[in-house]
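Trainee: I'm new to this structure and would like a close look at its aromatic rings. Could you walk me through them, and tell me how far to trust the picture?

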Amino acid sequence: MAATPRFRTEISEGTDRKHPVDETLPPLKMFTSGLQHVAAMYAGVVAPPMIVGPAVGLTAKETAFLMGASLFTAGIATLLQTLGFWRVGARLPFVNGVSFAGVTPMIAIGKDRGHDGIAVIFGAIIVASLLGFVLAPYFCKLVRFFPPVVTGTVITLIGVSLLPVAFNWSQGGNAGADDYGSTTNITMAAVTLVIVLALRKLLRGFLQQIAILLGLVIGTLIAIPVGITDFGTLGDADLVGFPTPFHFGAPQFEIAAIVSMCIVMLVCMTESTADMLALGRIVGRPADERTIEGGLRADTLGSAISPLFNGFMCSAFAQNIGLVAMTKVRSRFVVAAGGAILVVLGLVPVAASVIALVPLPVLGGAGIVLFGSVAASGIQTLAAAALEKGENALIVATAVGIGLIPIAAPDFYHAFPEDLLVVLDSGISTGCVVAILLNLAFNHLGRKPASDEEAAGGEPSKDPVALPVAH
């Protein structure tokens, strides 16, 4: 078969139909499906600035400014991923937002330093992101070390690692609040979960595809008389607001801060690689080296631009992969519409506050379905990973076990140096590294595999991700 151009529009054999990833939907479907993605990720985008702002000494108004800036920059990064240009962007329905991996290091860098602390954080992010952009063509070659036995393990860990977030939201989100874990909060989460499942069962066509969005709306309406919907943010929000470039001052560059954020960037690149592999399988367009290179370039370029508009480091949002898996809406233009909505929310704070009306327990109920869908996709991948061959089952068992440590025992690594915690506290990253190393040790080093299938942990002839990619 003749070589095809980069980022081609895939054509089904015997037809001229576009691949579902490249299809556009009618405007109303595009908007509502994109809004559903925004609703699924909103809390995850605003949470890091909500945590970092007070920790570095910012006022409530300045923290709210950071939150709006994070929405704006998440929209830009998402547009870079979905639409792209040149060799930037995965051209998949891939959502980007503020990475949680950087929260702890950013607090350590800027704690109680006010505007100077934010300026140092932004300077470190810019340097780390530019280095990541340069490394992207080399880092993407790791795809050859992600056969099904590895990708299935990592995808499963992504879903399982996200579930505690849904459980926290279901309890109310703030462990210090009086009503945290109350029967009211957990009941609202359960009601929302049942509503989403019922809508998926009873509805058909497009309405079934936006069952999550409908469930969030219905859950929020039910939560109003229950008394857990906060309208305070709606009254305090400005009508229009632009994230003024370098609002907190010019970026400052400190070596220790730069090193710390470089480590965070490597963690983000590892997780984004795993997320792209997962999403590629779900949408039926396996991510090859060039796709991952483009995705990593979009991640790092978006992160480099983000501090200009007072935003933080951006990376993949795995919860939206679960949404794609559940709704079967694979169009990247739907997610691009979500990116455009995020930009608008960043420019119109009052619109962002409307999305914020969704109580966290309601979001938590829907999140159980979303995050569970990611784990289910990983299990489906593992089912085709030939676990009965060689030591593949042992690889999965060990990697999953180690990856679950930060979830099951959050204080397990408390005696380790703080710089190492950036990696160790991410079950996805540790599980991914362990799976790759064990796959190399058992299936490649010291002996020649009995077959290509055994080496790949599956059937490489049916799994383009497991094969080296020709250029």
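Mentor: Let's start at Y413, which is buried at 9% relative accessibility; here buried means under 20% relative accessible area, exposed over 50% and partly exposed in between, with a 1.4 Å probe and protein chains only. F416, at 41%, counts as partly exposed. Together with F412, these two residues form one aromatic cluster.

Before going on, a word on how to read this. This is a predicted model, where local features need pLDDT of at least 70 and side-chain atom pairs count only at pLDDT 80 or more, while totals for chains, interfaces and linings use all residues. Residues are numbered from 1 along each chain as its sequence is written, and side-chain values use heavy atoms, leaving out hydrogens and water.

Now the rings as a whole. Rings of Phe, Tyr and Trp (its six-membered ring) pair if their centres lie within 6.5 Å, and planes under 30 degrees apart count as stacked, over 60 as edge-to-face and the rest as tilted. That rule gives five aromatic pairs. In one of them, F65 and F248 have ring centres 6.0 Å apart and planes at 75°, which makes the pair edge-to-face. F65 belongs to helix α2 (residues 60-82) and F248 to the loop between α9 (232-236) and α10 (255-283), so this pair ties together parts 183 residues apart in sequence. Helices here are DSSP runs (H or I, at least four residues), numbered from the N terminus. F248 is buried, at 6% relative accessibility. Back with our starting residue, Y413 and F416 are edge-to-face because their planes are at 90°, with ring centres 5.4 Å apart.

One more ring has a charged partner: the charged end of R297 sits over the ring of F133, 4.9 Å from its centre. For that, NZ of Lys or CZ of Arg must be within 6 Å of the ring centre and within 35 degrees of the ring normal.

How far can you trust all this? The protein chain averages a pLDDT of 81, and 88% of the residues score at least 70; pLDDT is the predictor's confidence in each residue, from 0 to 100. It stays under 50 over residues 1-15, which have 24 contacts beyond four places in sequence, a contact being heavy atoms within 4.5 Å. Residues 449-471 also stay under 50, with 49 such contacts. Where pLDDT is low, the predicted coordinates should not be read in detail.

Technical notes
Helix = DSSP H or I, 4+ residues; strand = E, 2+ residues; numbered from the N terminus.
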